[in-house]
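Colleague: I'd like to learn how to read the packing in a model like this. Could you walk me through it, one feature at a time?

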Amino acid sequence: MENISLGQIAGIITFISVLIGGITGLIAYSRSFIAKILKPLDQKIDRLEERSMTSRNNIELELVKMFLVNFVNDIEQGTYKSPIQKKNAYELYDRYLSLGGNSYVHDRWEKLIQDGKI
């Protein structure tokens, strides 16, 4: 230990610096390489999720529309609906609109409101 020179210390420091720099560079390259590999997979997953969400929304829209059509038909035929059934129908109608529904259901709903039936 007593015969360590300044040159040896400089050599050790240089070796450690190069080793740390090499490891850092390898990690950065690995991250870049993995990101390039995973990017197409991420894009495919995003497209699948988007399709799935669209399908789910379409199914939900159809189910809500079916309920509202039945509700509106019942009201038009004079079937009594309790206040809680009407409240539920209003909530579903709001959901129907938020899902993009705005067809004949909207027209019939608005007419029932104007007639004071709901």
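Modeller: Let's start with Leu68. Setting aside neighbours within four places in sequence, Leu68 is in contact with Ala89, Leu92, Tyr93, Tyr96, Val105 and Trp109. Bear in mind that this is a predicted model.

Colleague: Which residues of the largest nonpolar core touch the most other members?

Modeller: Leu68, Phe71, Tyr96, Trp109 and Ile118 do, out of 15 residues in that core. At least two core residues come from each of α1, α2 and α3, and α1 gives the most, with 7 residues.

Colleague: Now helix α3. How do I work out which side of a helix faces inwards?

Modeller: Begin with the repeat. An α-helix has 3.6 residues a turn, so residues three or four places apart point the same way. Then list what is buried.

Colleague: Which residues of α3 are buried?

Modeller: In α3, residues 104–114, they are Val105, Trp109 and Leu112. These sit on the same side of α3, because the arc they cover around the axis is only 60°. Asp107 and Gln114 are exposed on the other side of α3.

Colleague: What do the buried residues of α3 pack against?

Modeller: They pack against α1 and α2, the latter being residues 83–98. And just for the backbone, α3 is followed by Gly116, which has a positive phi near 75°.

Colleague: Can we take one of those buried residues as a worked case? Why does Val105 count as buried?

Modeller: The cut-off for buried is under 20% relative accessible area. Val105 has 2%, so it is buried. Apart from residues up to four places away in sequence, Val105 touches Lys65, Leu68, Val69 and Tyr96. You can look at C-alpha distances as well: Val105 and Met66 are 39 residues apart along the chain, with their C-alpha atoms separated by 9.5 Å.

Colleague: And Pro83 in helix α2, is that buried or exposed?

Modeller: Pro83 counts as exposed, because its relative accessibility is 61% and the cut-off is over 50%. Pro83 and Ile118 are 35 residues apart in sequence, yet their C-alpha atoms are 9.3 Å apart in space.

Colleague: Last one, the surface. Which residues make the nonpolar surface patch of about 680 Å²?

Modeller: Ile12, Phe15, Ile16, Leu19, Ile20, Ile23 and Ile27 make that patch. To place it on the model, start at Ile12, which lies in helix α1, residues 6–76.

Conventions
Residues numbered from 1 in each chain as written. Predicted model: local features only at pLDDT ≥ 70, side-chain atom pairs only at ≥ 80, totals over all residues. Heavy atoms only, no water. Patch = residues over 30% accessible without salt bridge, like charges linked within 9 Å, V, L, I, M, F, W, Y side chains within 5 Å. Areas by Shrake-Rupley, 256 points an atom, 1.4 Å probe, with all protein chains shown as cover. Salt bridge = Lys/Arg side-chain N within 4 Å of Asp/Glu carboxyl O. Helix = DSSP H or I, 4+ residues; strand = E, 2+ residues; numbered from the N terminus. Buried < 20%, exposed > 50% of the residue type's maximum accessible area, 1.4 Å probe, protein only. Arc of directions from axis to C-beta. Contact = heavy atoms within 4.5 Å. Core = buried A, V, L, I, M, F, W, Y, C linked by side-chain atoms within 4.5 Å.
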